Amino acid sequence: MSKVKYYYDPDTLSYRKIEPKKSKRYRNIFLFLMGSALFGFLGLIILLNTRWVNTPKELSLEREVRNYELQFDILNRKMDQMEQVLGNIEERDNNIYRLYFEANPIPEEQRRAGFGGVNRYKDLEGFNNSEIIIDATKRLDIIQKEMVIQSKSLDEIAKLAEEKEKLLASIPAIQPVSNEDLTRMASGYGWRSDPFTKARKMHWGMDFTAPRGTPIYASGDGKVVRADNRSSGYGKHVRIDHGYGYISLYGHMSKYNVTVGQKVKRGDLIGFVGSTGRSQAPHVHYEVFKDGERINPINFYYGSLSAEEFENMLRLANQENQSLD
């Protein structure tokens with residue numbers, strides 16, 4: 001109930017009740033309605049825009065999201081570096097390592113092959129940042145697969161290197177008599193005059209003259225398969241099986257320093273120069289077999305001769321002189 005107000009009338013010397021004017025009443029009602037509408041409108045604006053007014057928890061979550069985005073960006077940069085390093089290794093693997101060991105390069109399609117079949121990333125779908133997460137996971141999976149392929153390739157290269165090392169150690173690669181003890185290289189591989197019949201005859205090895213008792217050395221790693229005088233013309237001789245189809249023969253020895261079945265290394269003492277069997281003077285007759293066929297031993301002296309020494313030996317070996325056996 002509104003409060004009644006009075007005023008003093010000097011004419012009547014009495015108090016009279018103040019009657020509000022209708023226009024003022026309407027004005028007050030209008031101002032009230034306008035004020036109510038304004039406050040209501042402001043309240044509605046605040047209500048509609050509460051998504052820009054974040055709570056502390058929402059602010060914390062936003063910081064977390066930004067941090068995750070930063071971490072994904074850092075992860076992508078690291079993956080870029082990993083892909084670059086892995087690419088360099090793959091290039092060296094195909095163009096250097098595998099080429100050197102005569103292995104077929106790994107096809108690019110095999111290295112870069114994706115993952116077929118079911119959707120591996122279905123569990124990562126349906127989130128706000130699913131695209132970023134799925135992309136990063138795919139790249140990591142591909143990098144992991146490439147690393148597995150490269151690891152297997154390097155294992156294969158290591159095995160090939162080990163076999164290559166064994167092969168290089170096994171191939172006959174040095175003279176059976178050292179240059180210090182050598183009198184001369186008397187006869188080479190090829191057609192020569194027979195010392196007994198004087199007829200031209202194929203000489204299947206090389207003759208190294210040296211004083212009787214001069215050490216004879218194994219020209220490569222291997223296993224002694226013969227040490228006897230039961231082969232016609234060779235006298236006391238030793239045969240070494242080097243593996244990989246290679247066998248070396250050392251003839252006309254005065255005595256042995258190895259036994260059948262014994263394993264030897266390149267440079268091991270296997271016997272001594274003599275003139276046993278069909279021989280005209282003390283020397284060692286040296287032959288090399290590959291897959292059962294006699295081949296020219298002069299192609300296998302890279303392990304003990306300089307370029308000048310090899311050139312001199314090549315010149316002497318090509319002379320069609322008389323052999324010593």
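Tutor: A quick warm-up: UniProt positions are given in the numbering used here, feature names are shortened, and annotations may be inferred rather than shown by experiment. This is a predicted model, where local features need pLDDT of at least 70 and side-chain atom pairs count only at pLDDT 80 or more, while totals for chains, interfaces and linings use all residues. Residues are numbered from 1 along each chain as its sequence is written, and side-chain values use heavy atoms, with hydrogens and water left out.

Student: Okay, which residues does UniProt list as "coiled-coil region"?

Tutor: That name comes from an unreviewed UniProt entry. In the model, the stretch 58-92 is 100% helix and 0% strand, with its end C-alpha atoms 51 Å apart. Helices (H or I, at least four residues) and strands (E, at least two) are DSSP runs, numbered from the N terminus. The entry's range is residues 58-92.

Student: And how far does helix H4 reach from its first C-alpha to its last?

Tutor: H4 covers residues 130-170, which is 41 residues. The expected span of a helix is 1.5 Å times one less than its number of residues. For H4 the expected value is 60 Å, and the model comes close to that, with a reach of 60 Å.

Student: What do the buried residues of H4 pack against?

Tutor: Buried means under 20% relative accessible area, with exposed over 50% and partly exposed in between (1.4 Å probe, protein chains only). Buried residues of H4 include Ile134, Ile143, Ile149 and Ile157. They pack against helix H2 (56-100), helix H3 (108-112) and E9.

Student: Now the strands! How many bridges join E10 and E13?

Tutor: Two strands pair if DSSP finds at least two bridges between them. Strand E10 is residues 246-256 and runs antiparallel to E13; Ile247 stands opposite Phe289, and Tyr250 stands opposite Tyr286. The bridge count for E10 and E13 is 6.

Student: Why is strand E13 called largely enclosed by the rest of the structure?

Tutor: E13 spans residues 283-290. Besides E10, it runs antiparallel to E6 (residues 206-209) with 4 bridges, and to E14 (residues 293-295) with 3 bridges. E13 counts as largely enclosed because its buried residues number 7 of the 8.

Student: Which residue takes a positive phi in the hairpin of E13 and E14?

Tutor: This hairpin has 2 residues between its strands. In the pairing itself, Val288 has Ile295 as its bridge partner. The residue with a positive phi, near 55°, is Asp291.

Student: Which residue does the same job in the hairpin of E9 and E10, taking a positive phi?

Tutor: E9 (residues 236-243) and E10 are joined antiparallel by 6 bridges. Gly243 stands opposite Tyr246 there. With 2 residues between the strands, the one with a positive phi near 55° is Tyr244.

Student: Last one: is Ser219 buried or exposed, and which side chain joins Ser219 in a polar contact?

Tutor: Ser219 lies in the loop between strand E7 (215-217) and strand E8 (222-228), and its 0% relative accessibility is why Ser219 counts as buried. Its contacts (heavy atoms within 4.5 Å), leaving aside neighbours within four places in sequence, include Ile171, His242 and Tyr250. A polar contact is a pair of N or O atoms within 3.5 Å; within protein, one must be able to donate a hydrogen and the other to accept it, and residues adjacent in sequence count only if both atoms are side-chain atoms. At 2.8 Å, the partner side chain is that of Tyr286.
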